[in-house]
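Welcome! Here is a friendly first briefing on the structure shown just below.

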Amino acid sequence: MEAQSTSTSSSLNKNDDNVYDNNLIQNNNNNNNSPNITSEDAGYFANIPLPYCKFSVNNSTTVRTQPIKAIDAQEQALFADEIWPGAVRCSELLKKFPHICNNKYILELGAGAALPSLVALALGAERVVITDYPNERLLNNIKKMVLENKFKLEEQAYVREHAWGTDVRELKDLSREGSGFDLILLCESFWSATYNLHRQLLTSLYNCLSIYGVAIVSFTHHITDDHPPERDLEFFHLAMAGGFLVEAYNDSTSEQEEGNNDNKKEDSLQHLFLLRKRPLNLQQQQQLNLQAAINSLCSFSNATNNESQ
């Protein structure tokens, strides 16, 4: 989970064909037409912590991961020394809907122990690019977890350093035909120390996401005296101002299983949002509508085949 301060190069962004609009953010930060996002959206209580660092993907497959133990202040600032609730929540969603991973090109930003990436690989992802802040011990640990789970480095899984807001061309070269990723995973990236990095994170997210892609953002509010939940939610208002469609994902089944959430503490509540790029023109909107129709048809066909078996 990245928390190191980075500087964004405007020259690098200008060389990218698919640039997140920071100017649009600044001009529309107080846009009253934005949907009303509150801390109650998409909240539910996951089964946390993860016993023995193992996650059951299905009846025959279990993945295991182990975070690093921070040895200095820099590593502590990366928040990579735990398997955080948002990573488990995201993994549960992938497990529930495995088709969103199957044959897909997936990117994880701020991966930490990389649990969702490992789950995506187990669910049949074509390629998973796993990134975090340039820290040798952290990145080597991710590579170790990939190999211990019997996945192939530089074939199925690609581990790369990436500081949010910097050049993404190496990452995009690993996406489907260099056009961006089908799915981007972003788990537990909202902390007091990352509050000033929202724009950089959105820059990387926008520039790496395919026009048809979806980003899953899963997190818990890590509340401190100077970091209330509203600071995390500012990320989504910035996203809407800068070219994203934002949707709170509500899992009614999970809510029923966990019961009434009203008396739970806000800092233990799981939140999950879906982000998509807003179409830039009518042609893109028509393409998206066609793609949505194709996806719906494929989902219906898969469901029908499963029922008939």
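The points that follow cover one helix, one histidine, the nonpolar cores and some salt bridges.

This is a predicted model, in which local features need pLDDT of at least 70, side-chain atom pairs count only at pLDDT 80 or more, and totals for chains, interfaces and linings use all residues. Residues are numbered from 1 along each chain as its sequence is written, and side-chain values use heavy atoms, with hydrogens and water left out.

**Helix H6**

- Helices (H or I, at least four residues) and strands (E, at least two) are DSSP runs, numbered from the N terminus.
- Asparagine 135 caps the N-terminal end of H6, with a side-chain oxygen 3.2 Å from the backbone nitrogen of arginine 137.
- After H6 comes lysine 150, whose phi is positive, near 70°.
- The buried residues of H6 (buried means under 20% relative accessible area, exposed over 50%, partly exposed in between, with a 1.4 Å probe and protein chains only) are Leu138, Leu139, Asn141, Ile142, Met145 and Val146.
- Down the axis of H6, these buried residues fall within an arc of 155° (taken from the directions from the helix axis to the C-beta atoms), so they line one face of the helix.
- They pack against strand E2 (62–64), helix H5 (115–122), strand E4 (127–132) and strand E5 (157–161), where contact means heavy atoms within 4.5 Å.

**Histidine 222**

- Histidine 222 sits in the loop between strand E7 (209–220) and helix H9 (229–241).
- Histidine 222 is buried, with a relative accessible area of 16%.
- Leaving aside residues up to four places away in sequence, histidine 222 touches Trp84, Glu188, Phe190, Trp191, His227 and Asp232.

**Nonpolar cores**

- A nonpolar core is a set of buried Ala, Val, Leu, Ile, Met, Phe, Trp, Tyr and Cys residues joined through side-chain atoms within 4.5 Å.
- In the largest core, which has 39 residues, Leu94, Ile106, Val119, Ile130 and Ile216 touch the most other members.
- A second, separate core of 33 residues includes Leu174, Leu197, Phe235 and Ala239.

**Salt bridges**

- With a salt bridge taken as a side-chain nitrogen of Lys or Arg within 4 Å of a carboxyl oxygen of Asp or Glu, the count comes to seven.
- Arginine 160, buried at 17% relative accessibility, forms a salt bridge with glutamate 154, the closest N and O atoms being 2.9 Å apart.
- Arginine 160 also forms one with glutamate 170, at 3.1 Å between the closest N and O atoms.
- Glutamate 170 lies in helix H7 (residues 169–173) and arginine 160 in strand E5, so the pair ties together parts that are ten residues apart in sequence.
- Shared partners join Glu154, Arg160 and Glu170 into one network.

How values were computed:
Polar contact = N/O pair within 3.5 Å; in protein donor to acceptor, adjacent residues only side chain to side chain.
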